[in-house]
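Please open the model in a viewer and display the backbone as a cartoon. The tour proceeds by selection, from one strand pairing to the next.

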Amino acid sequence: MIQIKRTLEKEARQCQALVIWTDCDREGENIGFEIIDVCKAVKPNIRLFRAKFSEITPNSIRRACETLSEPDANISDAVDVRQELDLRIGASFTRFQTLRLQKIFPDSLTNQLISYGSCQFPTLGFVVERFKAIQAFIPEVFYKIKVLHKVEENTVDFSWKRNRLFNHTACLVLYQICMEDPIATVTSVTSKPKSKWRPLPLDTVELEKLASRKLRINAKETMKTAEKLYTQGFISYPRTETNIFPATLGLRPLVEQQIQSPTWGTFAQRVLDQPGGPNPRQGKNSDQAHPPIHPTKYSNTLQGNEGRLYEFIVRHFLACVSQDALGQETVVDIDIAQEKFSTSGLMIISRNYLDVYPYDRWSTKVIPVYEQGSQFQPSAVEMVDGQTSPPQLLTEADLISLMEKHGIGTDATHADHIETIKSRMYVGLTDDQRFLPGELGMGLVEGYNAMGYEMSKPNLRAELEADLKLVSEGRKDKQSVLQHHIQKYKNVFIESVRKAKKLDEALSPYLGVAQEIPDAQQQEMEIHLPVRKCPNCGRDMVLKKKREGNSKFLTCMGFPACKTAVWFPDTVLEVSRDDSICSTCQPHPVHMLKFKFRRGSLPAIMPLEFVGCIGGCDETLREVLDLRYLQGGGDPDPPASRPPRPEPPRPPSTSLWRSFQPPVPSRSLQPRPPPGGSFISTATSSNVIVCNCGQDALLLTVRKDGPNQGRQFYKCNTGMCNFFLWADQPSQLGEVQSGGPMPPPSKTSQPPRTSLGFRNTPEGGGRTAGGARDQIMCNCNEATVTRTVQKDGPNQGRVFHTCGKPREQQCGFFQWADENFPPPGGFGGGFNDGGRNGGKNGRKVTGDASANRPPAAKKPRTCGICHLPGHTRTTCPQR
């Protein structure tokens, strides 16, 4: 292909115009535009023309050169849509079926590709539907009266006008009445001309069906052979939907070429000599591109299927342009005891097209001469019975007819779809070349039907084919059709994956007991629905299960290239994607998540189940889940302590947490000093900043837009501790170096910020110092009240302090009575350090702050790779 491209580029540079000579069908037009794109890339101003032809003959080529037109972009667009949809649909369903069923039925399907196509599956559906109709058929017994009249050597069979009855008694009564006076009276004798019509001009579908019925050549081989004959110049283009000869096509020269044949040459001369010359019977279809299939020159050297197919096309063409067969039909009606019977005879007057077309049969039927009003004694009057019979299995011609009727595929692709379901062993052939569904084919159709989506029915594909036709005519937009059908098949695919067990159940009777899939493999086969776009790489972020346990995490589909992830703490029992979409967060869509927390992990006033947004608009979830990826980094290490920054007012969040937490004033939080009471090593006289680990701290600069942009700060170099220090606060630095107390909280005015509401010691509330040492004050600066947990659970009977106002006026303050500092690691890994940094307001302050500081919380164990808690190196998903 590269060499062809280079050749086109080389030639285009030396030319002024480009003429597209590809086949004049949809695929040919699409290939033409690929050529145009290559040539215009090197010569944008090259002129474009389209040559339209239907046969490779000098006259046809000359006529095409004289009638050049412009390429049709609409036709090419229709092909682009079909190709993209077929690729998306086929790849998705084929991968899903193959990976799943090979694991479920390893003994039967280990190495088998289980393909899906939006055309091949309805084709399979026709075969299965006919087979099931035969299986479900219940024969019924019927009865009828038969009259025979033997005259000399001929026996005439008179048929009953009632045809048949399904009631034995009723038929028996009528038969006995006839037998009481079995004299037949001739009530009428009519004679009228009878014609057998010559065939219509040959299109692709009719060629496939007739070759299958008359020549026993399957559709795939028929089209392959026809294309050979076309490229050799013996017949016209074999892919056409037209059965009308255009007035501009000269038929007489085509017939004259066949006169030299010793087999049908005499008949060709008769066609030329008949009144009016060649006179084709016309159909009703035209694709406005190609004429019906016809011979373009004579040959007597072709062998095998090429010779047989060429002979059929010639004979069909000559029969089509000749005359109908003519005959005379005689119909005789008789009456026996007021029951009506009839028979007919036929005398052929002129065979006409039948002389050259042996594929049709029309025989003379001789009957005696009867006169109206005459009577005779029948040779026999019998009451016979029979049974209704089921329909037969489909032949290839029947299957092609159904595909054409329901709009499945095109005339050019029918044979390919049939061949595909045969090669996949979805169907087989009986001895008389009829289609019989295989076990795999039956199970697949039954499985998808059980899901509620009749994917084996032609409706989905027929709608697509109709839209493609409108695109090719310029009546529908390419992108709108593409997006509509992508979404429709995507919904079907998601539901099919969700109901995949129905597929297993349907195949089990045919392939044996379905094997259980381990949870790890089950997770690999699950389809992960996108929650939002990754803020770092733009790919989808999805929910996945951790390798150990049932908890989930939000990860980027670009892993391992992109390591953006949100790890949910162990207190989150369940998290799933909700169908609702946040109206605030960008880029759309950002789906809401359903959360379920462990009982007792949240204060009593908090709901355990709620729906929230992780796009960044929900301040509560942003703090609780520590959404570090929203701050422009996919750093897998746990976050260091961050100083609070003023934030602009946010739109109302859809999270239910908001309704429980009235806003309270925020204040600047100073970073917690290490147990030694210093951020700087006292073992040296230098001003080197060291972190809590005793290592040199890393100096960084704030890059994100906001009031702190450009400001420098220190953090732990290894990420093993939560050290943080602003570099531009010398007063803080001096006090720390001298061993003095920590500076008081900053009084800088900041906009109100929503209380997190989940900390055991909320900011702004706590015990009063000084004289009222043991009095607990809430966020309203009023004395709290003491309550006891009454609800069943691990905290039942436990005492806590809360705001004493009525529930609707409460400030949200909460504190356990048996704790004088925030419990360590309240929410596990992945959360902000608010519980640790903001805990000073929730404990008694007496004398020097450092002397009364509670013991440091035990640091949770973290992973050695991503530095997040909850797992180890061996189970890290980023390993």
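Two strands are said to pair if DSSP finds at least two bridges between them; strands (E, at least two residues) and helices (H or I, at least four) are DSSP runs, numbered from the N terminus. This is a predicted model, in which local features need pLDDT of at least 70, side-chain atom pairs count only at pLDDT 80 or more, and totals for chains, interfaces and linings use all residues. Residues are numbered from 1 along each chain as its sequence is written, and side-chain values use heavy atoms, with hydrogens and water left out.

Select residues 799-802, strand β25: three bridges join this strand to β26, and the two run antiparallel. Threonine 802 lies opposite phenylalanine 814 of β26. Next, add β24 to show an open, antiparallel sheet of three strands in the order β24-β25-β26. Here β24 (785-788) and β26 (814-816) are the edge strands, each with a single partner, so one side of each has no neighbour in the sheet. From one strand to the next, the twist averages 30 degrees (axes are lines fitted to C-alpha atoms; angles run from 0 to 180 degrees between N-to-C directions).

Move to residues 17-20, strand β1, which pairs in the parallel sense with β2 (residues 47-50) over four bridges. Valine 19 faces phenylalanine 49 in β2.

Now select residues 141-151, strand β3, joined by five bridges to the antiparallel β4 (residues 154-160). Valine 147 has phenylalanine 158 in β4 as its bridge partner. Two residues separate the strands of this β3-β4 hairpin, and glutamate 152 in the turn has a positive phi of about 55 degrees.

Finally, select residues 339-350, strand β7, which pairs antiparallel with β4 over two bridges; serine 342 in β7 stands opposite serine 159.
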